[in-house]
Amino acid sequence: MKSVDAHLAEILATVRPLAPLELELEQTLGTTLAEAVSSPVPLPPFDNSAMDGYAVRAEDITDVPVTLPVIDDVAAGSEELRAVGAGHAVRIMTGAPMPAGADTVVPVEWTDGGTITVRIDRRAEVGNAIRRAGEDVQAGDVVLEPGTAIGAAQLGIIAGVGRRRVLARPRPRVVVISTGSELVEPGGTLARGQIWDSNSYTLTAAVREAGAEGFRAGSVGDDPKVLLDRLDTHLVRADAIITSGGVSMGAYEPVKEALSPLGTVRFEKVAMQPGMPQGFGVLGEDQVPIFTLPGNPVSSFVSFMLFVRPALDRMRGLPGGMPETVTAYVTGPLRSPSGRRSFLRGRLAADGTVAPLHGQGSHQLAALASANALIVVPEDVTEVAGGTAVEVIRL
Ligand SMILES: Nc1nc2c(c(=O)[nH]1)N[C@H]1C(S)=C(S)[C@@H](COP(=O)(O)OP(=O)(O)OC[C@H]3O[C@@H](n4cnc5c(N)ncnc54)[C@H](O)[C@@H]3O)O[C@H]1N2
Ligand code: MOO
């Protein structure tokens, strides 16, 4: 059997980062920057007040209380400013430019809040409550390096340096197709022998959680021709394809039957539990990667986390490797088949323990839904005693 590491290594050697595009600011969330972003101006661009209060000369308020005439009122965005002469005060708002002559800001709480004259009750040192130009960023400074994943804060600094568009690797578009003639859309009525299709929903959601665009292309039955047609329709708009089901040893395995003759997708057994039957390869002229995951719901989800997610990271221009693990102490005994790496569902607690859940079957979706971690048991371990340190993948 092929090892988990070898299977992931083959996948990562095949998938490539997507080509960067000029993207509008609004479209950059979840994309990966492909250029260095720098600021054309210092940030803040000008000295400004950090508080609502009064801009004055510190030397005029060394003896307090003192009452000064208020000669101007400046709000954020004010352009024409009167200079602050000796013995004068200017009422100033947070973010408003510092008027010339003033070297300190007295917060309104330290005053009587007057608008014609103001009584100042507390001294302020030179520079008090002033935000200096360039204190955050100097003109020309790189604020984001290529390869940065763009989240809310990163998008904020791109906007903050005035950029409308940036060069970024887009979110991969991933088409999800489930196979199986027993599948019925949720909301429909089950006849005998049927089940609701959960995998295509789980996998599409997992794709989105992984920072890619998920398109659920519904389910096809057990006819390999229908699957090939469906793949053909979606290949043009896909950066990757995921199928579920139809890859084991049964009499009707549409995925295997449809794709084996192409010679570009390999079906193998990977030494893991769940998720043993795996397929991976490329399709079409553009060599679109395809992941054919096993149909058991827990198996397809675990396979996604181990193989598809790192591949999507790589396509996004991020490092992409084995999911990170943390060490935890298992609260009860575990069993694992010899020669296979197990990924058991568990609940990781704040005290650093992980409790294995009841229902470790590959079909037991409810146990998966209550898990927040996968407990990893190495290939050469068949039994783990309660209290042992184990590695877990957080979900
Ligand atoms: N003789 C053997 N039988 C099986 C083997 C084997 O090695 N030899 N491997 C088992 C393992 S392990 C797995 S995992 C499954 C994988 O089977 P397939 O990928 O071919 O998937 P199906 O047969 O289509 O379905 C398996 C199971 O999952 C349910 N399913 C499928 N699709 C969905 C869906 N979209 N939503 C919810 N549930 C789904 C399906 O009804 C089956 O119960 O094969 C074992 N057998
Ligand atoms: O390997 Mo299958 O994925 O256990 O159920």
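Let's start with a pair of strands: strand 22 and strand 25 (residues 353–356) run parallel to each other and are joined by two bridges. Within that pairing, Y329 sits across from T353 of strand 25. Keep in mind that this is a predicted model.

Strand 22 (residues 326–330) has another partner too, strand 28 (residues 389–394), and here the pairing is antiparallel, with four bridges. In this case T327 faces E391 of strand 28. If you're wondering what holds such partners together, strands of a sheet pair through backbone hydrogen bonds, and they can do so in either the parallel or the antiparallel sense.

**A sheet of five strands**

Now look at another part of the chain. Five strands build an open sheet in the order 8-5-7-6-9, and the pairing is mixed. Which strands form the edges? They are strand 8 (104–107) and strand 9 (117–120), each of which pairs on one side only. On average, neighbouring strands in this sheet are turned by 40° against each other, if you ignore direction.

Zoom in on one pair from that order: strand 5 (residues 53–56) and strand 7 (residues 89–92) run antiparallel and share three bridges. G53 is the residue that stands opposite I92 in strand 7. While you're tracing these strands, remember that side chains in a regular strand alternate between the two faces of the sheet.

**Two ligands**

Next up are the ligands. Ligand 1 has 24 residues around it, and the closest are E182, D197, V247, S248 and G295. Three elements each give two or more residues to this shell: strand 13 (173–179), strand 15 (195–196) and helix 6 (297–315). On its own, ligand 1 would expose 870 Å², and the protein buries 70% of that. The space that ligand 1 takes up is the largest pocket.

Ligand 2 sits in the largest pocket as well. Which residues surround ligand 2? They are Q273, P274, G275, M276, P277, N296, S299 and S362.

Here are some polar contacts for both ligands, so you can find them in the structure:

| Ligand atom | Protein partner | Distance |
|---|---|---|
| Ligand 1, nitrogen | N199, polar backbone atom | 3.2 Å |
| Ligand 1, oxygen | V247, polar backbone atom | 3.0 Å |
| Ligand 1, oxygen | E253, polar side-chain atom | 3.0 Å |
| Ligand 2, oxygen | Q273, polar side-chain atom | 3.2 Å |
| Ligand 2, oxygen | M276, polar backbone atom | 2.7 Å |
| Ligand 2, oxygen | N296, polar side-chain atom | 3.1 Å |

V247 turns up twice in this story: it is among the closest residues to ligand 1, and one of its polar backbone atoms is 3.0 Å from a ligand oxygen.

**Some backbone details**

Q273 and P274 both belong to the surroundings of ligand 2, and the peptide bond from Q273 to P274 is cis, with omega near -5°. You'll find P274 in the loop between strand 19 (272–273) and strand 20 (277–283).

Where else can you spot a cis peptide bond? One joins L43 and P44, with an omega of about -10°. P44 lies in the loop that runs between strand 3 (37–38) and strand 4 (48–49).

Finally, have a look at A129. Its phi is near 55°, which is a positive value in a residue other than glycine. A129 belongs to the loop between strand 9 and strand 10 (130–131), and strand 9 is one of the edge strands of the sheet we met earlier.

Terms used: Residues numbered from 1 in each chain as written. Chains lettered and ligands numbered in written order. Predicted model: local features only at pLDDT ≥ 70, side-chain atom pairs only at ≥ 80, totals over all residues. Heavy atoms only, no water. Pairing = 2+ DSSP bridges. Axes fitted to C-alpha atoms, helices over the stretch in contact; angles between N-to-C directions. Near = heavy atom within 4 Å. Polar contact = N/O pair within 3.5 Å; in protein donor to acceptor, adjacent residues only side chain to side chain. Areas by Shrake-Rupley, 256 points an atom, 1.4 Å probe, with all protein chains shown as cover. 1 Å grid on protein atoms, 1.4 Å probe; cavity = no way out; pocket = protein on both sides within 12 Å on 5 of 7 lines; lining within 4 Å. Sits in = over half its atoms within 2 Å of the grid points.
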